[in-house]
Amino acid sequence: MLRDDGSPSALNVILITGAIREPLEFLATVERALSLVRQGRASHIIVSTWAGQIASIPGLAAILDDSGILVVQSTTPEDLGKGAIHAQFKSVMAGLLACPPGSRVLRCRTDKTLKLMGTLEDALDQPLSRTTDIGQFKSPFRNKISILGYSSTAFMWMSDFCFFGDRDDLLAAMGVARHFEEVFFNPIASPELRVLSWPFYQNNVFLLELFSQISHYSISHALVVWSNRGTEDLPSPLARLLALHAAIHASSFLCGRDLSGRLPQPSGPLLPLLTGRPERHLVDTVYIAGFRGTRATSSILFDRLLNDGINRKSGSTSFDDAANDIADGGYSSWRFSPENGQETLDFIEKAFSQDSPMVAIMANKDLKPFIGRSRSIAAPASSQREQDFKAVLVAQFSKVLNDLGISYVDPAYGAIAQDVINRPNLIMASLEATVLFWCGMKRLMSNDPTGLRDAWILIGAAAKGRSSDAQIMRGWLFRNGVQGYLNAAEAETAYGETLRDLTDAARKNIWPALVMIGLFRLDGADRHFDARVAASTLEQAAKSAGEYSELIGNAARDMYANPPTARVTMLLWRESFGKLQQIIKAAGLDRRMPPSLLAAS
């Protein structure tokens, strides 16, 4: 049982939840969790997944049982929900209820979290931080929940890949046994309902009214436009939303940057910064699942912003008023209706005249949690377990390659996979996507005549896992003759898919993706050709391309001044990006290669 002061004790649980869609990542995550048990930093490991998932991986059930890992197997919801959100709720809830009372829980997913776990692992060794009252605003939790990060303009978008907190606080954050108001399922206006957001919607009618009338996405977009324009005050409802959002995070959450103790100091006013004005060392202005906003901000910065507002120093009269309502309890009477919201609607419409809108979509379905198993405590593993685990890992990796139809399995693939598992900092998306990408790069670097086809298959599979490296290299491969393996219809489909991949990578402000988009727009078929887009994307790429900035900027200016010619394409392609070693250097892949592959190159 935890001591009353919230300090660490024996009951630290690693909870791994969800469908096992990426077996390699799941197996490596289990190993990471077991290492925390061996270090004495965790005592329990619980896997909460769906019936049949464990049995689908031969030998896995015996390994988990031998390691003392509890497996909670539930039936899947009748409807998984948008983004499988109903299923996520159910697997997390089933796992939390299997955790011992009084425990502290580090929850992670079965996929795409191996790289991220380390951000919160240090919290296992520290006391929990008590929640903080912000004036009359009181948190629904006893202790703060640690999260990876959140966007300050995508409201209630707490990152739920990994989080850490007291079991009872996490159960309170779930709220899945309650009836959800229709606002969550409005197909046009609603926000996405995230795992940690329920209590705040439940306790603040203003949020429900606002988001039932105005798109969550459009508010995010309008605030970013405002932060970079800064010539007028915020409409009162949006200022209130910002103040409430700040109070929620300052009172109830810690994010990765708060936990690191290395938070940079802002160089200017906080309000425009936290609503989207770029200051690269503090926030990134990006598109996050459709939101135009900021990510990786800080609860500490929100606390400072509220203090600025309470002392009427934020620079916005409407925000100062809202912050003082938070302090004196006036926020409890806030309401939003079409009658008093016309100024806000006009403000957002003006912002959309400067860019294209995004919309939120949610399905109108209920959540039906089902709880299946009791808890147990992780036990020491047998000496045979490590050898058995490696055999399962190799078998799963071989199955992935076989399913893809790879013509040649390089013996070096195993060493690449082990490098990535041992060095989570190498992972750009999921572990599986990262391993497939570097195996594809190995085939490209082999000088084998059949390597181009295998590389296209491997790197294309990695791109589906949203690895930015893979998305960029898929574009490079398409321009380097992989069309020779495709018929006309396949090539047209591949062109469109690759362009979408590059667009996704470009949203993360990765300049080689922007360059590749520009080149694609110049040499695409008639319906894809767009010299204006080519020039503008190259111009954008030049802003962050370092030693390549001048070359790319000159090409962009040349395209604006003259019709695009083959000379421009050749200048960028043959002299700087067309050869494999050139694109490896330009994309920074040489600095991220697994050691075994780097040695071979």
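Modeller: Let me start with a definition: a cavity is a set of grid points where a 1.4 Å probe fits but cannot get out, and a residue belongs to the lining if it has an atom within 4 Å of such a point. Please keep in mind that this model is predicted.

Biologist: Thanks! What makes a residue part of the lining, and which residues line the largest cavity?

Modeller: An atom within 4 Å of a cavity point is what counts. Leu426, Met428, Thr434, Phe437, Trp438, Ser467, Asp469 and Arg592 line the largest cavity, so each of them meets that cut-off. Helix H17, residues 431–444, gives the most to this lining, with three residues.

Biologist: How many cavities are there, and how much space lies in the largest?

Modeller: The count comes to two cavities of 30 Å³ or more. About 50 Å³ of space lies in the largest cavity.

Biologist: Now the sheet. What makes S3 and S7 its edge strands?

Modeller: The seven strands of this open sheet run in the order S3-S2-S1-S4-S6-S5-S7, with mixed pairing. Strand S3 (70–74) and strand S7 (253–254) each pair on one side only, and they are the edge strands.

Biologist: How do you know that S2 and S3 pair?

Modeller: Pairing needs at least two bridges. Strand S2, residues 44–50, has five bridges with S3, in the parallel sense, so the two strands count as paired. As an example, Ile46 has Leu70 in S3 as its bridge partner.

Biologist: Which helix packs on the sheet, touching strand S4?

Modeller: That is helix H5, residues 167–174. Besides S4 (104–109), helix H5 touches strand S5 (145–147) and strand S6 (162–166), and its direction makes about 120° with that of S6.

Biologist: Why is Glu343 called exposed?

Modeller: The cut-off for exposed is over 50% relative accessible area. Glu343 has 52%, and therefore counts as exposed. Its place is in helix H14, residues 342–352. Glu343 and Ser236 are 107 residues apart in sequence, while their C-alpha atoms are 8.8 Å apart in space.

Biologist: Where is confidence lowest, and where is it highest?

Modeller: On the scale from 0 to 100, the protein has a mean pLDDT of 78, and 79% of its residues reach 70 or more. Strand S8, residues 284–288, is lowest at a mean of 50, and helix H13, residues 317–328, is highest at 96.

Biologist: What about residues 1–9 and residues 176–192?

Modeller: Residues 1–9 stay under 50, with 22 contacts beyond four places in sequence. Residues 176–192 are also below 50, with 56 contacts beyond near neighbours in sequence. Where pLDDT is low, predicted coordinates should not be read in detail.

Technical notes:
Residues numbered from 1 in each chain as written. Predicted model: local features only at pLDDT ≥ 70, side-chain atom pairs only at ≥ 80, totals over all residues. Heavy atoms only, no water. Helix = DSSP H or I, 4+ residues; strand = E, 2+ residues; numbered from the N terminus. Contact = heavy atoms within 4.5 Å. Axes fitted to C-alpha atoms, helices over the stretch in contact; angles between N-to-C directions. Buried < 20%, exposed > 50% of the residue type's maximum accessible area, 1.4 Å probe, protein only. pLDDT = per-residue confidence, 0-100. 1 Å grid on protein atoms, 1.4 Å probe; cavity = no way out; pocket = protein on both sides within 12 Å on 5 of 7 lines; lining within 4 Å. Points joined across faces, edges and corners; volume = space filled by probe spheres on them.
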